[in-house]
Amino acid sequence: MSVYRFKSRETGDLVMLAQHGQRLLEILGKDPSGPGVIQPREMGAAVQAIRTAVAQDEARSKQDDDPQDETSAADTVSLRMRSAPLIEMLQRCEQAGVDIVWGV
């Protein structure tokens, strides 16, 4: 799969490159190898899992910062930025009581 397409009846489709979609699904404890679903009752915990992973990622990045490293933080897209659209989708779908599916 070269991209993940997350779909719901509440929002437009959310498309992510495979490596980023796979990482987020793994954070959520979902199998990224095939189709799947996130039900409304799981969405609050999913948002919390992503936020926890973001905090851990940012703490790790601060420890790894090398002032002589020529790769600027502005040149990379953080997990916080990559996950923001999915968090918004999860929150809207939880409020509406609709599933999010992918790979179907």
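In this predicted model, V98 lies in the loop that runs between helix α3 and strand β4. V98 is buried, its relative accessible area of 9% falling under the 20% cut-off. The C-alpha atoms of V98 and R9 are separated by 6.8 Å, although the two residues are 89 residues apart along the chain. When residues up to four places away in sequence are left out of the count, V98 touches S8, R9, E10, P40, M43 and C93.

M43 also appears among the contacts of L90, which, with the same exclusion of residues up to four places away in sequence, touches I38, M43, A46, V47, I50 and I100. L90 belongs to the largest nonpolar core, a set of 24 residues in which F6, I38, I50, L86, M89, L90 and I100 have the most contacts. The elements that give two or more residues to this core are β1, β2, α1, α2, α3 and β4, the last of these spanning residues 100–102.

Strand β1 (residues 3–7) and strand β2 run antiparallel and are joined by four bridges, and the two strands form a hairpin with six residues between them. Within this pairing, R5 has V15 of β2 as its bridge partner. The side chains alternate along β2, such that L14 and M16 point to one face and are buried, whereas V15 and L17 point to the other face and are not buried. V15, found in strand β2 (residues 14–17), counts as partly exposed because its relative accessibility is 42%, between the limits of 20% and 50%. Together with V3 and L17, V15 makes a nonpolar surface patch of about 230 Å².

Turning to charged residues, side chains of opposite charge can pair when their charged atoms come close. The count in this model comes to six salt bridges. In one of them, the side chains of E42 and K30 meet with an N to O distance of 2.9 Å. Because E42 lies in helix α2 (residues 40–64) and K30 in the loop between α1 (18–27) and β3 (36–38), this pair ties together parts that are 12 residues apart in sequence. E42 is itself partly exposed, with a relative accessible area of 24%.

A further salt bridge is formed by the side chains of E58 and R80, with an N to O distance of 2.6 Å. Here E58 lies in helix α2 and R80 in helix α3 (residues 79–96), so the pair ties together parts that are 22 residues apart in sequence. E58 is partly exposed, with a relative accessible area of 27%, and R80 is likewise partly exposed, with a value of 45%.

By contrast with these pairs, D57 and R60 both lie in helix α2, where they are three residues apart, about one turn of the helix. The side chains of D57 and R60 meet in a salt bridge with an N to O distance of 4.0 Å. D57 counts as buried, at 16% relative accessibility, whereas R60 is partly exposed, with a relative accessible area of 43%. D57 and R60 are moreover linked with R23 in a network of salt bridges.

Methods. Residues numbered from 1 in each chain as written. Predicted model: local features only at pLDDT ≥ 70, side-chain atom pairs only at ≥ 80, totals over all residues. Heavy atoms only, no water. Patch = residues over 30% accessible without salt bridge, like charges linked within 9 Å, V, L, I, M, F, W, Y side chains within 5 Å. Areas by Shrake-Rupley, 256 points an atom, 1.4 Å probe, with all protein chains shown as cover. Buried < 20%, exposed > 50% of the residue type's maximum accessible area, 1.4 Å probe, protein only. Pairing = 2+ DSSP bridges. Core = buried A, V, L, I, M, F, W, Y, C linked by side-chain atoms within 4.5 Å. Contact = heavy atoms within 4.5 Å.
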